[in-house]
Amino acid sequence: MAKTLQVLGIESSCDETGVALVALRGDDLPVLLAHALYSQIEMHQAYGGVVPELASRDHIRRVLPLTQQVLLESKRSLAEIDVVAFTRGPGLAGALLVGAGVACALAAALKKPVLGVHHLEGHLLSPFLSADPPQFPFVALLVSGGHTQLMRVTGVGRYTLLGETIDDAAGEAFDKSAKLLGLVYPGGPALAVLAEQGRADAYALPRPLLKSGNLDFSFAGLKTAVMVQARKLALAQGCAVATLPATVLADLAASTQAAIVEVLVKKSLSALVQTGMKRLVVAGGVGANRRLREQLNAECAKRQVRVHYPELHLCTDNGAMIAMAAAMRLQSGQQTASAVYAFDVKPRWPLDLL
Ligand code: KG4
Ligand code: ZN
């Protein structure tokens, strides 16, 4: 019988410290035993965005207590960990170094190997932790705070870039638009909540690159269009943008969300046509957006395309996706864990160069 391997995963690329333990046995899909997360969002809110130095210092404070919590919840001991995985990039250099340093120190002390994981591969494989896991091959729509990409995925580590944003990511478009509407950081979820009260067709905002004929995205101009529209309304009302009537702000939020979602949905459908694939996997923080899910579900159902998402609480950064990606890389033979503890991190690291 195949031996069960326990893989610890540590995520520290940005403003969430995540730790998780998964069990890997033979060819079975790895199983999540426990995960723990600490979000620094409240700390960064005062500054309107992530402060890298504060993020690194906070990861240092959180990572070992979270590891202890995961071991307690999974009823495992440190000695039972077989591989220690960590996010090697992309992300904030200082923040990544905390996870990498702790992972390598832990592994060296336990005399166990380490494995560096690509953060976006973690997102991409996170739907395999859901109750409805996908099967290869599929088109992946990766929509996080820093990345917006369509990929052809034929197996673990087999990723071909089909298109990506040429400027801002979809998450950035949510966050920057939300900021100028006076919402707190990170604005994506707040804008989505406000949009529930508004009319999506209230303001005609651009759908950038919708007719470009390729699978690239551009969201920088949308944020400017939202700003121009909001300032025009504020000028007419003789107030600041943030103090516009609640109904106007809700209409602006709903119109912004509709523009972003329409582009993401139409480009994803084009990617499915272009590749001839019948399966779509959505991953990354923006994948939690309700309107995006509703529209993708409706459009994909019409075309007999299956859509898969991560569990809602695993859409944004977490340790489970890092432990899972490490386990799936080991299982597929794409990577072996190493006993060399001279670690490095890769703040910039394109996924298709894995
Ligand atoms: O994947 P993620 O946690 O971090 C990165 O790897 O970048 O994604 C964070 C992004 C942020 O831009 C956040 O505003 C956005 O995901 N986000 C959402 C929602 N939840 C998170 N955007 C729209 N609607 C949501 N419900
Ligand atoms: Zn992420």
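The legends below describe close-up views of a predicted model.

**View 1. The zinc ion (ligand 2) and its protein donors.** Three residues of the protein act as donors to the zinc ion (ligand 2), namely H119 through NE2, H123 through NE2 and D317 through OD, at distances of 2.0 to 2.1 Å. The site of this ion is tetrahedral, with angles of 95 to 131° among its four donor atoms. Along the sequence, the donor residues follow the spacing H-x3-H-x193-D. Distant parts of the chain are thereby linked, since H119 belongs to helix α4 (residues 119-125) whereas D317 lies 198 residues away in the loop between β10 (306-308) and α10 (319-332). Both of these residues, H119 and D317, are buried.

**View 2. The buried and exposed faces of helix α6.** In helix α6 (residues 187-195), the buried residues include G187, G188, L191, A192 and A195. They lie on the same side of α6 because they cover an arc of only 135° around the axis. An α-helix has 3.6 residues a turn, so residues three or four places apart point the same way. The face turned away from the buried side of α6 carries P189 and V193, which are exposed. Among the elements that cover the buried residues of α6 are α5 (170-180) and α8 (246-275).

**View 3. The largest nonpolar core and the surroundings of V282.** The largest nonpolar core holds 49 residues, of which F219, L264, L280 and V282 touch the most other members. Two or more residues are given to this core by each of β6 (138-143), α5, α6, α7 (220-237), α8, β9 (279-283) and α9 (290-302), and α8 gives the most, with 14 residues. When its neighbours within four places in sequence are left aside, V282 is in contact with P127, L141, V143, G287, L292, L296, V307, H308, Y309 and P310.

**View 4. A second, separate core.** Apart from the core of the preceding view, there is a second, separate core of 34 residues, and its members include V7, A283, A323 and M328. In soluble globular proteins, nonpolar side chains tend to be buried together.

**View 5. The two domains and the contacts between them.** The protein chain is divided into domain 1, made up of residues 4-125 + 315-353, and domain 2, made up of residues 136-309. Taken over C-alpha atoms, the centres of domain 1 and domain 2 are separated by 28 Å. Where the domains meet, 21 residues of domain 1 are in contact with 25 residues of domain 2.

Definitions and conventions. Residues numbered from 1 in each chain as written. Chains lettered and ligands numbered in written order. Predicted model: local features only at pLDDT ≥ 70, side-chain atom pairs only at ≥ 80, totals over all residues. Heavy atoms only, no water. Donors = N, O, S within 2.8 Å, 3.2 Å for Na, K, Ca; no water. Tetrahedral: all angles 85-135°; square planar, octahedral: opposite > 155°, others 65-115°. Helix = DSSP H or I, 4+ residues; strand = E, 2+ residues; numbered from the N terminus. Buried < 20%, exposed > 50% of the residue type's maximum accessible area, 1.4 Å probe, protein only. Arc of directions from axis to C-beta. Contact = heavy atoms within 4.5 Å. Core = buried A, V, L, I, M, F, W, Y, C linked by side-chain atoms within 4.5 Å. Domains from an automatic or database assignment.
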